Amino acid sequence: MKTDGIRPVDPADVPKKKLRTGDEIPAVGLGTFGSDNYDAATIARAVKTAIRNGYRHIDCAAVYGNEREIGKAIAEVIAEGTVTREELWITSKVWNDRHDDVQGACRQSLRDLQLDYLDLYLVHWPFPNYHAPGVGVDSRDPHARPYIHEEYMKVWREMEALADAGLVRNIGTSNMTIPKLELLLRDCRILPACNEMELHPHFQQPELFDYVVGHGIVPIGFCPIGSPNRPERDKTPEDTNPLEDPVIVGIAERHGVHPAVVCIKWAVQRGQVPIPFSVKPEKFMSNLRCVTEDPLTPEEMEAIAGIDRNCRFIKGQVFLWEGAESWEDLWDADGRIRGWER
Ligand SMILES: NC(=O)c1ccc[n+]([C@@H]2O[C@H](COP(=O)([O-])OP(=O)(O)OC[C@H]3O[C@@H](n4cnc5c(N)ncnc54)[C@H](OP(=O)(O)O)[C@@H]3O)[C@@H](O)[C@H]2O)c1
């Protein structure tokens, strides 16, 4: 294995989670959303180094704007013999502006990633937005629309067709709520294998977590470290920081690791699949290695369960439609889906 001078991790030591299709997803993936901080070439370089050193799971999305560069990186590590395609787990996601062309969006991601199939394809957000791709985050998009179940089901039928055609091995959801998932589970032919959702010690989403696990859906956790470098537009004065939480810091000191690593260990031991982002090898390798050694104790797991602050960082404010009052309208807090009547 080519290691670039980094201590590699044996992928066989990284736990996996079995999905309803029987496929097994590696319990830690590498995130690839560079936010405003990292360009596509830097992220693709990190993907190459990560795979050469033991990562097998890469979390991609068309909207991150780097699938072409990541595709080249993947092709290179396969060509050099580091991995086979079958040993990799590649996720991608259909963006909101392609809900009316899911097939086309998927084929574009496959072309960009230089793959014949995806291991997992997700509906990135449950809000259609056909007309204004890339709308500014500070303005209300006049074309944004709320969740409309009939439209979501059209998207899901296309997802099912992709699975039937073998272009994607598993299909799933992202940024869903229990009321929306209830409708999908009632009306779908192929059940979602995974739900990607914000999950970190200050946003544990216990009800949604239990709901998806109870329905055989594997939770994939984004922002597992609390996304400390997320764009300024996604920060509000009320936001907390799990990396500075005394409980996390105390456990990190006891284990002699960075607080970020405690967040990753906690996530995997809780039963979710974290997809931490970093382009820095010392960071992304410690995020992978940590789940192969020195687990948290039951007491430490319990202490972290007690620090949930219900603090959502990725609020989705850009998807608010005219007439919606606040970002909370996107999340069905009281069980009611705003803007669409059942
Ligand atoms: N489905 C969705 O809607 C959705 C939404 C958001 C994110 N995602 C996915 O989830 C991934 C992760 O989320 P995220 O990138 O927002 O947040 P994150 O993984 O919680 O945080 C990433 C930040 O944490 C720092 N970090 C990573 N490992 C560290 C370590 N071992 N020690 C210290 N600092 C560390 C990195 O700092 P440096 O920059 O200094 O390396 C990086 O900026 C994304 O890349 C994307 O693939 C999906």
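Does D112 count as buried or exposed, and at what relative accessibility? Here is a friendly walk through that residue and a few other places in this predicted model.

1. **D112 in helix α3.** D112 counts as buried, at 15% relative accessibility. You will find D112 in helix α3, which runs over residues 102-113. Leaving aside residues up to four places away in sequence, D112 touches E67, R68 and G71. The burial call follows because buried means under 20% relative accessible area.

2. **Q114, just downstream.** Q114 sits in the loop between α3 and β6, the latter spanning 120-123. Q114 is not a glycine, yet has a positive phi of about 60°. Most residues other than glycine have a negative phi, so that backbone angle deserves a look on your screen. As for accessibility, Q114 counts as partly exposed at 46%.

3. **D100, in the loop ahead of α3.** The loop between β5 (89-94) and α3 is home to D100. With a relative accessible area of 54%, D100 is exposed. D100 and D141 are 41 residues apart along the chain, and 18 Å separates their C-alpha atoms.

4. **Cysteines without partners.** How many disulfides does the structure hold? The count is zero. For C194, the closest cysteine sulfur belongs to C188 and is 14 Å away, which is too far for a bond. C194 is also buried, with a relative accessible area of 0%. C311 is likewise in no disulfide, and the nearest cysteine sulfur, that of C223, lies 11 Å from it. C311 is buried too, at a relative accessible area of 9%. For reference, the cut-off for a disulfide is a pair of cysteine sulfur atoms within 2.5 Å.

5. **The second largest pocket.** This pocket holds about 620 Å³ of space. Of the 23 residues in its lining, those closest to the centre are Q205, N310, R312, W331 and A333. Two elements, α5 (178-187) and α6 (206-214), each give two or more residues to the lining. The biggest contribution comes from α6, with three residues. Sorted by class, the lining has ten nonpolar, eight charged and five polar residues.

6. **N310, from the pocket lining.** N310 is among the residues closest to the centre of the second largest pocket. N310 is found in the segment after α10, a helix covering 298-305. Its relative accessible area is 61%, which makes N310 exposed. N310 has a positive phi near 50°, although this residue is not a glycine.

7. **The two sides of α6.** Which residues of α6 are buried? They are L208, F209, Y211 and V212. These four cover an arc of only 165° around the axis, so they lie on the same side of α6. An α-helix has 3.6 residues a turn, so residues three or four places apart point the same way. On the face turned away from the buried side, α6 carries the exposed residues E207, D210 and G214.

8. **What α6 packs against.** The buried residues of α6 pack against two helices, α5 and α8 (259-270), and two strands, β8 (194-198) and β9 (218-222). Recall that α5 also appears alongside α6 in the lining of the second largest pocket. Just after α6, G216 takes a positive phi of about 70°.

9. **V14 and its distant neighbours.** V14 is located in the segment before β1 (16-18). V14 is buried, with a relative accessible area of 8%. Not counting residues up to four places away in sequence, V14 touches V9, A27, V28, L288, V291 and T292. T292 is a nice one to display: V14 and T292 are 278 residues apart in sequence, but their C-alpha atoms are 5.9 Å apart in space.

10. **R233 in the loop after β9.** R233 lies in the loop between β9 and α7, with α7 covering 246-255. R233 is partly exposed, at a relative accessible area of 35%. R233 and G104 are 129 residues apart in sequence, and 30 Å lies between their C-alpha atoms.

Notes
Residues numbered from 1 in each chain as written. Predicted model: local features only at pLDDT ≥ 70, side-chain atom pairs only at ≥ 80, totals over all residues. Heavy atoms only, no water. Buried < 20%, exposed > 50% of the residue type's maximum accessible area, 1.4 Å probe, protein only. 1 Å grid on protein atoms, 1.4 Å probe; cavity = no way out; pocket = protein on both sides within 12 Å on 5 of 7 lines; lining within 4 Å. Points joined across faces, edges and corners; volume = space filled by probe spheres on them. Nonpolar A, V, L, I, M, F, W, Y, C, P; charged D, E, K, R; others polar. Arc of directions from axis to C-beta. Contact = heavy atoms within 4.5 Å.
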